[in-house]
Structures are given as structure tokens and as C-alpha cells.
Amino acid sequence: MHEIFYLRGFEEPWWQFDGWEKDIVSCKEFDNYEDATTYFNQMKQTLAQDFSFQKSKGEAAIAFWNREEWAFCEDCEEDMQIYHGLLWIYNKKPIKSF
């Protein structure tokens with residue numbers, strides 16, 4: 001099972017710290033690689049148009065952001081950058097490469 005998550009939070013999607021699930025905005029599930037690839041590439045293109053900056057770790061975890069999108073972090077007690085991320089997981093494990 002391929003799962004592609006769209007995340008919004010204070011960390012880039014590859015960190016997956018405890019509680020990362022609270023940042024999930026949406027998740028799409030796919031039975032086959034081709035459909036997952038099509039969706040991932042469409043989301044990647046859309047987010048690249050909406051955000052000025054991006055960084056990836058591996059081929060299946062990408063963070064997007066604009067410098068002016070900040071929010072107050074209660075745990076940190078300071079304003080922090082908001083990241084929008086894509087994370088591709090296959091059989092409950094993050095993909096490192098294709």
C-alpha cells in the first residue's frame with residue numbers, strides 16, 4: 001500500500017517526530033506504484049507553484065515554504081516557520097529512493 005501524506009507544521013516531513021500525525025492535512029492511498037507516482041508528481045507541481053522554497057530529503061519527502069508564513073509554537077514559546085510537506089510511505093515505511 002502506497003500512502004502519500006500532505007502535511008502542514010513546524011517540521012519538514014522527513015523528521016517524523018513523535019506526534020507527526022497531528023500535522024496531516026490529507027492522505028491518499030494507492031494500490032499501485034503508477035497511480036501513486038502520478039498523484040505525488042501532481043501534488044509536487046502544485047505546491048512548487050504555491051511556495052517559493054523547497055527542499056527534499058530522498059526522493060519521497062519534500063518540504064515547501066514561504067518565508068512569510070510563521071506561527072507561534074506553544075512548546076517552543078516562539079514564532080516558527082510553517083512547512084508544507086509531501087511524504088510518501090510504502091507498507092508503513094518511508095521511501096528512501098525509488
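Select A36, Y39, F40, M43 and L47 in helix 1: these residues are buried. Look down the axis of helix 1, and its buried residues fall within an arc of 100 degrees, so they line one face of the helix. Keep in mind while looking that this is a predicted model.

Now show the whole of helix 1, residues 33-50. Helix 1 has 18 residues, and from its first C-alpha to its last it reaches 26 Å, close to the 26 Å expected at 1.5 Å a residue.

What covers the buried residues of helix 1? Add strand 1 (2-9), strand 2 (24-30), strand 4 (61-65) and strand 7 (83-90) to the view, since the cover includes these four elements.

Turn to the other side of helix 1 and select E34, Q45 and Q49, which are exposed there. For E34, the relative accessible area is 52%. Then go to the start of helix 1 and display N32: one of its side-chain oxygens comes to within 3.2 Å of the backbone nitrogen of E34. Keep E34 selected and add D23. The two are 11 residues apart in sequence, and their C-alpha atoms are 26 Å apart in space.

Next come the salt bridges. How many does a search of the whole structure find? It finds three salt bridges. Side chains of opposite charge can pair when their charged atoms come close.

Start with D23, which is already on screen, and add K22. Their side chains meet in a salt bridge, at 3.2 Å from N to O. Is each partner buried or exposed? D23 has 13% relative accessibility and counts as buried, whereas K22, with a relative accessible area of 64%, is exposed.

Move to E3 and K92, whose side chains form a salt bridge at 3.7 Å, N to O. E3 belongs to strand 1 and K92 to the loop between strand 7 and strand 8 (93-94), so this pair ties together parts that are 89 residues apart in sequence. E3 counts as buried at 7% relative accessibility; K92 counts as exposed at 66%.

Now select R8 and E69. They form a salt bridge in which the closest N and O atoms are 3.1 Å apart. Because R8 lies in strand 1 and E69 in the loop between strand 4 and strand 5, the pair ties together parts that are 61 residues apart in sequence. R8 is partly exposed, its relative accessible area being 39%.

Stay with E69 and display what surrounds it. Which residues does E69 touch, not counting those up to four places away in sequence? They are R8, F51, M80, Q81, I82 and H84. With H84 there is a polar contact of 2.9 Å between the side chains.

From Q81, one of the residues that E69 touches, step into strand 6. Q81 stands opposite W70. Select strand 5 (residues 70-73) together with strand 6 (residues 78-81): the two pair in the antiparallel sense over four bridges. In a regular strand the side chains alternate between the two faces of the sheet.

Finish at the turn. Strand 5 and strand 6 form a hairpin with four residues between them. Select E77 in this turn and check its backbone: E77 has a positive phi of about 60 degrees.

Terms used. Residues numbered from 1 in each chain as written. Predicted model: local features only at pLDDT ≥ 70, side-chain atom pairs only at ≥ 80, totals over all residues. Heavy atoms only, no water. Expected span 1.5 Å × (residues − 1). Buried < 20%, exposed > 50% of the residue type's maximum accessible area, 1.4 Å probe, protein only. Arc of directions from axis to C-beta. Contact = heavy atoms within 4.5 Å. Polar contact = N/O pair within 3.5 Å; in protein donor to acceptor, adjacent residues only side chain to side chain. Pairing = 2+ DSSP bridges. Salt bridge = Lys/Arg side-chain N within 4 Å of Asp/Glu carboxyl O.
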